[in-house]
Amino acid sequence: MFKTMKLSGRNFHGIIAIVFVMLSTSSTSAMTKFNVLNFGANPIGRTDSTDGFLKAWNAACSTADSTFIYVPKGRYLVGSLAFKGQCKSPQIIIRIDGTIVAPSDYGVLGKWENWVSFERVNGVSIIGQGAFDAKGPSLWACKASRSNSCPLGTTTLRFTNSNNITIDRLTSLNSQMFHIAINGCQNVQIQGVKITAAGDSPNTDGIHVQLSTNVKIFNSSIKTGDDCISIGPGTKNLWIEQVTCGPGHGISIGSLAKDLEEDGVQNVTVKKTIFSDSQNGLRIKSWARPSSGFVQGVRFIDSVMRNVQNPIVIDQNYCPHNENCPGQV
């Protein structure tokens, strides 16, 4: 019976992916389509395409029909892209087959909190075989030199206060900080993504989730210098399955108890994960201070650890670098 359940689970997720691709492909024929090239985006990567992307988004957002934005193959140099919601369009599919490239000067990108951000959107799907290349190594080197002039860095892709979001099959390379952040969202599905950064890259969490409900992360590969997946306060009903992690700091709940008043983390399932050459495997971490926060309803199932320093960690005295530790209960 166990074998039957295991096979049916795999087939089920495979069917989900196949059906999604079929539906996204066939349904686009009835959509209003926008190609970023028609709005001035340059696929050669030599001139700034920021304005072309924003114009394509504004056109799709203001259309009453379901819409489809296409980014063809090529390299597109863009600065900060802030896609605002309250759209007329009930559904916006963005297919990226090209590579979105950050400015080579890390100081230009690092002054923004987010590189590509979506705020208050509903029904947005980002699909395709494309990539985000945030050019992070130069900033990492600056931080490694302990220079006081280094910017904090920017998150590559962030969704804030948004609902019914899909991210499918994209690649995120060398983010300055977090690769993907989900904050204050409901009904999010992330599947088939590839996240890559050096094992010593600072604060490059693969996927960060907080203040969000009903988030699913499937069939993804994460190699980074910080948490592969970090789970912050206010996360509820999170399902993680068939994710490979390493290098990285594992799949972590926390850190929690940063504030006295803090939302809890509940109903988290982590299933069929593989950790290879990572610092940690499965981790729960909180600062040693009083807090209204909590962790409950957590299930870690069928995880494989290969050359993992700390396979399972539950730490209620979390204090990195042992500096300014609260030392309370």
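Trainee: Which residues line the second largest cavity?

Mentor: In this predicted model, the lining is made up of F132, L157, I167, L170, T171, S172, I180, V193, K194 and I195. β12 (171-173) and β15 (194-196) are the elements that give two or more residues to that lining.

Trainee: What makes these lining residues?

Mentor: A lining residue has an atom within 4 Å of a cavity point, so F132, L157 and the others listed meet that cut-off.

Trainee: How many residues of each class does the lining of the second largest cavity have?

Mentor: The count is 7 nonpolar, 2 polar and 1 charged. K194 is in the lining, and Lys counts as charged, so K194 belongs to the charged class. T171 and S172 are in the lining too; Thr and Ser are in neither the nonpolar nor the charged list, so they count as polar.

Trainee: Why is this space called a cavity and not a pocket?

Mentor: A cavity holds a 1.4 Å probe that cannot get out, whereas a pocket is open. The space of about 50 Å³ is the second largest cavity, so a probe placed there has no way out.

Trainee: How many cavities of 30 Å³ or more does the search find?

Mentor: The search of the whole structure finds 2. About 140 Å³ lies in the largest cavity, where F53, F83, I94, I96 and F118 are the closest to the centre among 15 lining residues.

Trainee: What makes the lining of the largest cavity nonpolar?

Mentor: Its lining has 15 nonpolar, no polar and no charged residues. Phe and Ile count as nonpolar, so F53 and I94 fit that class. α2 (50-61) is one of the elements that supply at least two residues, and α2 gives the most, with 3.

How values were computed: Residues numbered from 1 in each chain as written. Predicted model: local features only at pLDDT ≥ 70, side-chain atom pairs only at ≥ 80, totals over all residues. Heavy atoms only, no water. 1 Å grid on protein atoms, 1.4 Å probe; cavity = no way out; pocket = protein on both sides within 12 Å on 5 of 7 lines; lining within 4 Å. Points joined across faces, edges and corners; volume = space filled by probe spheres on them. Helix = DSSP H or I, 4+ residues; strand = E, 2+ residues; numbered from the N terminus.
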